[in-house]
Amino acid sequence: MPELPEVEVVRRGLARWVAGRTIAAVEVLHPRAVRRHPAGGADFAARLTGETIGVPQRRGKYLWLPLEGRELSVLGHLGMSGQLLVQPEEAADEKHLRIRVRFDDAAGTELRFVDQRTFGGLSLHENTPDGLPDVIAHIARDPLDPLFDDAAYHAALRAKRSTLKRALLDQSLISGVGNIYADEALWRARLHYERPTATLTRPRSAELLGHVRDVMNAALAVGGTSFDSLYVNVNGESGYFDRSLDAYGREDEPCRRCGTPMRRRPWMNRSSYFCPRCQRPPRLVS
């Protein structure tokens, strides 16, 4: 699933192409695309018509379009294959087009939600006083947020009594980190994914957080990570950070630091990639 860099790439594109535009009409072409909007597709379309989109926002992996002058936002769930594309109005419909948003201006473009696997969708929600859609009020700030509290994160990490990768993927502690960037940051920090969080000193915690930020900023600079055509920006272009990955997906390839073959282990219905020499597993306490 897309992680913070991929979602931020989409948010920046939407900020450029749809912020400040007024919605003329909405077409819901597949009911699953609005299944998180209990009132259904017709209500979703009717309530958005005539509304003006504000500056798109993001927290972690979550993206939303606030409506100007309203305490409401459209939350975008990209799921496994969701895409928010800005296309010329005359462009042929995509095979898996689920929602079309037309605008009342002469810009000649429209917003399309395309989703091959139909796990994603759009939904309308009331905002919290902080401006977040209410359904994601529990999501922690992400490490690129200027208000992220490093000291509070370190304290929460040690108190969690978990393991490092589980804690990195816990969106109530830190948002935006998924499987790919967790493996990348842990490789850079030379930390094993099963190391207990309680053993992490404040300097090592700060170092790991620095690597999380570095790898995400590096991915942002090249448009995120795209392993297939499903992860694209609003213009349909793929990112290419996958060419720079040091850990994820590199099973049996030499570690770029020491030359030892990288390993992959099953982990929570996913995979973890690591160097057995640089990232030694924690000692078992008998």
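**View 1. A hairpin built from β9 and β10, with two residues between the strands.** In the turn, M268 has a positive phi of about 50°. Everything in these views comes from a predicted model. The two strands, β9 (residues 263-267) and β10 (residues 270-274), run antiparallel and are held in register over five bridges. To find your way along the ladder, start at R263: its bridge partner in β10 is F274.

**View 2. The largest nonpolar core, with 29 residues.** Look for Y153, L168, V177, L186, L191, L208 and M216, the members that touch the most others in the core. Four helices each give two or more residues here: α3 (150-160), α4 (164-168), α5 (179-189) and α6 (202-221). Another core sits apart from this one; it has 27 residues, including V10, V34, L67 and L78. As a rule, nonpolar side chains in soluble globular proteins tend to be buried together.

**View 3. A close-up on M216 and what it touches.** Leaving out residues up to four places away in sequence, M216 is in contact with L4, P5, P143, L144, G176, V177 and Y181.

**View 4. Where α5 packs on α6.** The axes of these two helices are 8 Å apart and meet at an angle of about 125°, so α5 and α6 count as oblique to each other. The crossing of α5 past α6 is right-handed. On the α5 side, the contact is made by Y181, E184, A185, L186, R188 and A189. On the α6 side, you'll find R204, E207, L208, H211, V212, D214, V215, M216 and A219.

Conventions:
Residues are numbered from 1 along each chain as its sequence is written. This is a predicted model: local features need pLDDT of at least 70, side-chain atom pairs count only at pLDDT 80 or more; totals for chains, interfaces and linings use all residues. Side-chain values use heavy atoms; hydrogens and water are left out. Two strands pair if DSSP finds at least two bridges between them. A nonpolar core is a set of buried Ala, Val, Leu, Ile, Met, Phe, Trp, Tyr and Cys residues joined through side-chain atoms within 4.5 Å. Buried means under 20% relative accessible area, exposed over 50%, partly exposed in between (1.4 Å probe, protein chains only). Contact means heavy atoms within 4.5 Å. Axes are lines fitted to C-alpha atoms, for helices over the stretch in contact, and angles run from 0 to 180 degrees between N-to-C directions. Angles under 35 degrees count as roughly parallel, over 145 as roughly antiparallel, 65 to 115 as roughly perpendicular and the rest as oblique. A crossing is left-handed if the near helix is turned anticlockwise from the far one by less than a right angle, and right-handed if clockwise.
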